[in-house]
Amino acid sequence: MKILLIEDEPELAISISDFLKVESYLVELASDFPTAHEKAVVYEYDCLIVDINLPGGGTGLDVIRALKELRPEAAVIIISARNALDDRIAGLDLGADDYLTKPFYLPELNARLKALLRRRYFGGSSDIVFHEIKVIPTHRSVYVNETLLDLTPKEYDLLLYFLANQHRVLHRESIAEHLLGDDADQMDDFNFIYSHIKNLRKKLIDRGCLDYVKAVYGIGYKFTDKK
Amino acid sequence: MKLLHQTQRLFFRGVLPVFIAAGVVSFFTLRWVFDHETDEKLLGVQAEIESYVQINDTLPTFFQTVFDRWHAEPMPYDFIENVTGQTFSDTILFNKFENEMEPFRQLRFPVKMRGQVWEVSVFTSTVEHHDLVLILAVLLATMFGLLLLVMLWVNQVVSRQVWQPFFETLEKMRRFRLADHLPLKLPPSSVEEIQELNTTLENLAHQVRRDYHTVKKFTENASHELQTPLAIIQGKVELLLQNETISETQAQQIDIIGQSTRRMVRLNQSLLLLSKIENNQFLEQKPVDLKPLLEKRLIWLDDFLTEKKLELQVDWVEKTLEMNLFLAETLVTNLLTNAVKHNLQGGYLRVTLNENCLIVENSAALPEASVKDLTARFARGNPHSEGVGLGLAIVVEICEQQGFGLEMSFEQGVWRVQVRF
């Protein structure tokens, strides 16, 4: 998968691309408007991750506009420091698929990117398989050893988040924000995620699934089959 | 004391003694003038009598009227030496026509006649003069009194007119709000002092406004500029945490960096939001249904309600408000999340929405800060809480912006916030 990351802040760009490279994406960088515009128009990418504020005479919105004229089907995720409603609406109006407010959690971007690519390039029908677990995203259904597992919406979201970020450390706040959305920062106590994780684990193990959820140093969790 | 009363009192204090003094002085002057006139007249009579005596060597028989009379009597011889000049005195005689005692002025002088010295006394009635002085005094007092009243009235009218621009300025200053978009504009005045006052106030307001905007702009810019470095730190923290080789201690330290960063992010976003509300960036108004907003947020909070084992009581009606949707959401979110965050384990949360107000009540431990302090920025009921202390400040700001009445109280373990539409 080829990704174009348009981000003017080099350190942030490196963090994002480092994180995404683990998923074996090919990440290209563009740090100003002219480069971004040229690359977006000339080359074909599976997805563009676009920052709105860019140096060099144009904004990320202009890049998206130009791109969508050529390839309306292109997948675009906007990342912007501005959490202004206007930007979000303008971006989504231009055909962007998703919008993330800076600062965001890298696993969240990863999950959104995966979900977007799945929807866009596999018609949303591609099942996610991890050993004995199979998730069919279009139906929001989960099977363990081919038997349907009954999960609450939060447990389902949690499982999907884990599956999107396998072998990675996900800390509490990142999980809380995935489950609650941007507003999670309104709350300061995330103990509730323990119960969701506990329930999910229990349901999985009860169906004969191995315990893939590992607590990491009391700071978060990791979903992995490695030991 | 009002300015008008003050000037009137001063005026009164200044004018009244002058009037009294003037009254007394004119009274005595008049009396002196009349007495003088009387004496002159008596002296005239003396001169007439003396010249008559010189020619006729006898006293005249005329010159005896009701008010003016005279008589002469011989003086003892040894007394002559001493009686050289004339002597004036006041006396009271019987007026047989009026049948009453009346004051008279008397002049006594010696006259040589028929080889003997006579003492002649000439009298003239002063009753008319006394009456006249009295009438004049009353007249004068009445005039002064009337004058005083007229002057007070004129003073009031004039003061009111003269001070009118001042009161206008005062009214404008009272209405002046720093956050307003228009600069302070005071009406021009032809009075130099008022004009000077207005110019000074305008300049002052201009400076204060400029400083205020600079500070606000600074907050906004600072918040904006902070976002990128914070995002970088957060990204790096996450990458570090993915590192397989770090120890548990390191991981926990990195996690603390991450938590502090997120706290800064929250703080930053709240500050940005506050300055945006203050800058009137949420002007678009439309009908907003409050009940669905509350429902949505309570569903969102479900996990936290369960976690704290909170009892939820709702009593609501459909209520539509004309306001900004984002501000409505923020208001509801802040009120409800606060009520959950600062609630007790096993406590309750009561939400009441009716035609006039929205009330959020929750059980709470006694806040160390007083109610008023809690709405101040960066005030936290619990100093160890992770919150940034801007939640209520944002609520206050939104209520102010939308013209809602906001009442907060803490009584008997119940924290209560009421928003009056």
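Colleague: Axes are lines fitted to C-alpha atoms, for helices over the stretch in contact, and angles run from 0 to 180 degrees between N-to-C directions. With that settled, at what angle do helix α6 (residues 153–164) and α7 of chain A pack?

Modeller: A word first: this is a predicted model. In it, α6(A) and α7(A) pack at an angle of about 130°. Their axes are 10 Å apart.

Colleague: What does that make α6(A) relative to α7(A)?

Modeller: Oblique. Angles over 145 degrees would count as roughly antiparallel, and 65 to 115 as roughly perpendicular. An angle of about 130° falls in neither range, so α6(A) is oblique to α7(A).

Colleague: Is the crossing of α6(A) and α7(A) left-handed or right-handed?

Modeller: Right-handed.

Colleague: Which residues make the contact?

Modeller: From α6(A), A:K154, A:D157, A:L158, A:Y161 and A:F162. From α7(A), A:S174, A:I175, A:H178, A:L179 and A:L180. By class, the residues of this contact are 6 nonpolar, 2 polar and 2 charged.

Colleague: Now α7(A) with α8(A). How do their axes cross?

Modeller: At roughly 80°, with the axes coming within 10 Å. Here α7 covers residues 172–180 and α8 covers residues 192–206, both in chain A. That angle makes α7(A) roughly perpendicular to α8(A).

Colleague: Which residues of α7(A) and α8(A) make that contact?

Modeller: On α7(A), they are A:R172, A:I175, A:A176, A:L179 and A:L180. On α8(A), they are A:F192, A:I193, A:Y194, A:H196 and A:I197. The classes come to 8 nonpolar, 1 polar and 1 charged. Note A:I175, A:L179 and A:L180: they take part in the contact with α8(A) and also in the contact with α6(A).

Colleague: Let's go across chains. How do the axes of α1 in chain A and α3 in chain B cross?

Modeller: At roughly 30°, and the axes come within 9 Å. Helix α1 of chain A is residues 10–21, and helix α3 of chain B is residues 192–242. That makes α1(A) roughly parallel to α3(B). The crossing is left-handed.

Colleague: Which residues meet in α1(A) and α3(B)?

Modeller: Chain A brings A:E11, A:L12, A:I14, A:S15, A:D18 and A:F19. Chain B brings B:A231, B:I232, B:G235, B:K236, B:L239 and B:Q242. They divide into 6 nonpolar, 3 polar and 3 charged.

Colleague: Change of topic. Where is the place of A:E7?

Modeller: In the loop between β1 (2–6) and α1 of chain A.

Colleague: A glutamate in a loop. Buried or exposed, is A:E7?

Modeller: Buried. Its relative accessible area is 2%, and anything under 20% counts as buried.

Colleague: What joins the side chains of A:E7 and A:K102?

Modeller: A polar contact of 3.1 Å. Besides A:K102, A:E7 touches A:L12, A:A13, A:A30, A:S31, A:D51 and A:I79, leaving out residues up to four places away in sequence.

Colleague: And what joins A:K102 and A:P103?

Modeller: A cis peptide bond, with omega about -5°. A:P103 sits in the loop between β5 (98–101) and α5 (106–121) of chain A.

Colleague: What about the backbone at A:S24: what is phi near?

Modeller: Near 55°, which is positive in a residue other than glycine. A:S24 is in the loop between α1 and β2 (26–30) of chain A. At 62% relative accessibility, A:S24 is exposed.

Colleague: Over to chain B: what is phi at B:Q412?

Modeller: About 45°, again positive, and B:Q412 is not a glycine. B:Q412 lies in the loop between β10 (405–411) and β11 (414–420) of chain B. With 81% relative accessibility, B:Q412 counts as exposed.

Colleague: One more residue. In which strand is A:S141 found?

Modeller: In β8 of chain A, residues 141–144. A:S141 is buried, at 12% relative accessible area. Setting aside neighbours within four places, its contacts are A:K134, A:V135, A:I136, A:L148 and A:Y156.

Colleague: Last one, on chain B as a whole: how many helices and strands?

Modeller: There are 9 helices and 11 strands. Chain B has 421 residues, and 40% of them count as buried. Take its contacts between residues at least 6 apart in sequence: 65% join residues at least 24 apart.

Conventions. Residues are numbered from 1 along each chain as its sequence is written. Chains are lettered from A and ligands numbered from 1 in the order in which they are written. This is a predicted model: local features need pLDDT of at least 70, side-chain atom pairs count only at pLDDT 80 or more; totals for chains, interfaces and linings use all residues. Side-chain values use heavy atoms; hydrogens and water are left out. Helices (H or I, at least four residues) and strands (E, at least two) are DSSP runs, numbered from the N terminus. Angles under 35 degrees count as roughly parallel, over 145 as roughly antiparallel, 65 to 115 as roughly perpendicular and the rest as oblique. A crossing is left-handed if the near helix is turned anticlockwise from the far one by less than a right angle, and right-handed if clockwise. Contact means heavy atoms within 4.5 Å. Ala, Val, Leu, Ile, Met, Phe, Trp, Tyr, Cys and Pro count as nonpolar, Asp, Glu, Lys and Arg as charged, and the others, Gly among them, as polar. Buried means under 20% relative accessible area, exposed over 50%, partly exposed in between (1.4 Å probe, protein chains only). A polar contact is a pair of N or O atoms within 3.5 Å; within protein, one must be able to donate a hydrogen and the other to accept it, and residues adjacent in sequence count only if both atoms are side-chain atoms.
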